[in-house]
Amino acid sequence: MPATHHAFDTPIGTLRLVGGEDSIDCIELPNRAAETPDPAWAPSNGGLPAALEEAKRQLGEYFDGKRREFDLPLGAGGTEFQQRVWAELRRIPFGETISYGELAARIGSPSGSRAVGQANGRNPLPIVVPCHRVISHDGKLGGYGGGLQVKQALLDLERRGIEGIA
């Protein structure tokens, strides 16, 4: 059965979810969601597969300031190194940032900050696997597949969430 895609509006723009009943495989940020979807993906045409419905619900809660962590069945594939980077990204607390070098050290590859940056760039599940929380060692944003405005908007949203609790 082909993956299903579904686009929906969020405060940062339209996101496109891709997956099926058992997993979410991809989240496309507004710049990619504005493009024509992969022809291998079937449109949602009404009802959503269970995993996409849950992802949409949890992302809505995140943007509403009611969710800090995601509990979704993720189906994205990648190399062993990418999987290690993406697993470590999920350990970065809501509202916090770390550098590419620090992330590289955390996965046991202290000289691998460039490779970590490349793995971040290939992250198929942004927001849920929060690569936006990784910044340059000098405090600058670095890169982001969705554009620096979207990265800054996500970091600002999380900072407001932290300040709202303090």
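So, contacts along the chain: among those in the protein chain with a separation of 6 or more, 58% are between residues 24 or more positions apart. A contact here means heavy atoms within 4.5 Å.

Before I go on, a word on what we're looking at. This is a predicted model, where local features need pLDDT of at least 70 and side-chain atom pairs count only at pLDDT 80 or more, while totals for chains, interfaces and linings use all residues. Residues are numbered from 1 along each chain as its sequence is written, and side-chain values use heavy atoms, with hydrogens and water left out.

Okay, the overall layout. The protein chain has six helices and six strands, and if you walk from the N terminus you meet them as β-β-β-α-β-α-α-β-α-α-β-α. Those are DSSP runs numbered from the N terminus: helices are H or I with at least four residues, strands are E with at least two. The radius of gyration of the protein chain is 16 Å, and the globule rule gives 15 Å for 166 residues, so the chain is as compact as a globular protein of that length. That radius is taken over C-alpha atoms, and the rule is 2.2 Å times the number of residues to the power 0.38. The C-alpha trace spans about 45 × 40 × 25 Å along its principal axes.

How much of the protein chain is buried? Buried residues make up 45% of the 166. Buried means under 20% relative accessible area, exposed means over 50%, and partly exposed is in between, with a 1.4 Å probe and protein chains only. As for the surface, the protein chain exposes about 8,500 Å², and carbon and sulfur atoms supply 49% of that. Those areas come from the Shrake-Rupley method with a 1.4 Å probe; for residues, only the protein chains shown count as cover.

Now the sheet. We have an open sheet of four strands in the order β3-β2-β1-β4, with mixed pairing. The edges are β3 (24–28) and β4 (42–43), each of which pairs on one side only. Two strands pair if DSSP finds at least two bridges between them.

Let's start with β1, residues 4–10, which is joined to β4 by two bridges, and those two run parallel. On that side, T4 stands opposite A42 in β4. On its other pairing, β1 meets β2 (residues 13–19) in the antiparallel sense over seven bridges, and F8 stands opposite L15 in β2. The hairpin from β1 to β2 goes through two residues. Why is β1 called largely enclosed by the rest of the structure? Because five of its seven residues are buried.

Moving on to β2: this strand is mostly covered too, with five of its seven residues buried. Four bridges join β2 to β3, running antiparallel, and here R16 stands opposite E28 in β3. β2 and β3 also form a hairpin, with four residues between them.

Last stop, two loop residues I'd like you to find on the screen. Where does Y144 sit? Look in the loop between β6 (134–135) and α6 (148–165). Y144 counts as buried, because its relative accessibility is 13%. Leaving out residues up to four places away in sequence, Y144 touches L29, P126, I127, C131, H132, V150, K151 and L154. Y144 and G117 are 27 residues apart along the chain, and their C-alpha atoms are separated by 9.4 Å.

One of those Y144 partners is I127. I127 belongs to the loop between α5 (113–121) and β6. Its relative accessibility is 0%, so I127 counts as buried. And take a look at the backbone there: I127 has a positive phi of about 80° although it is not a glycine.
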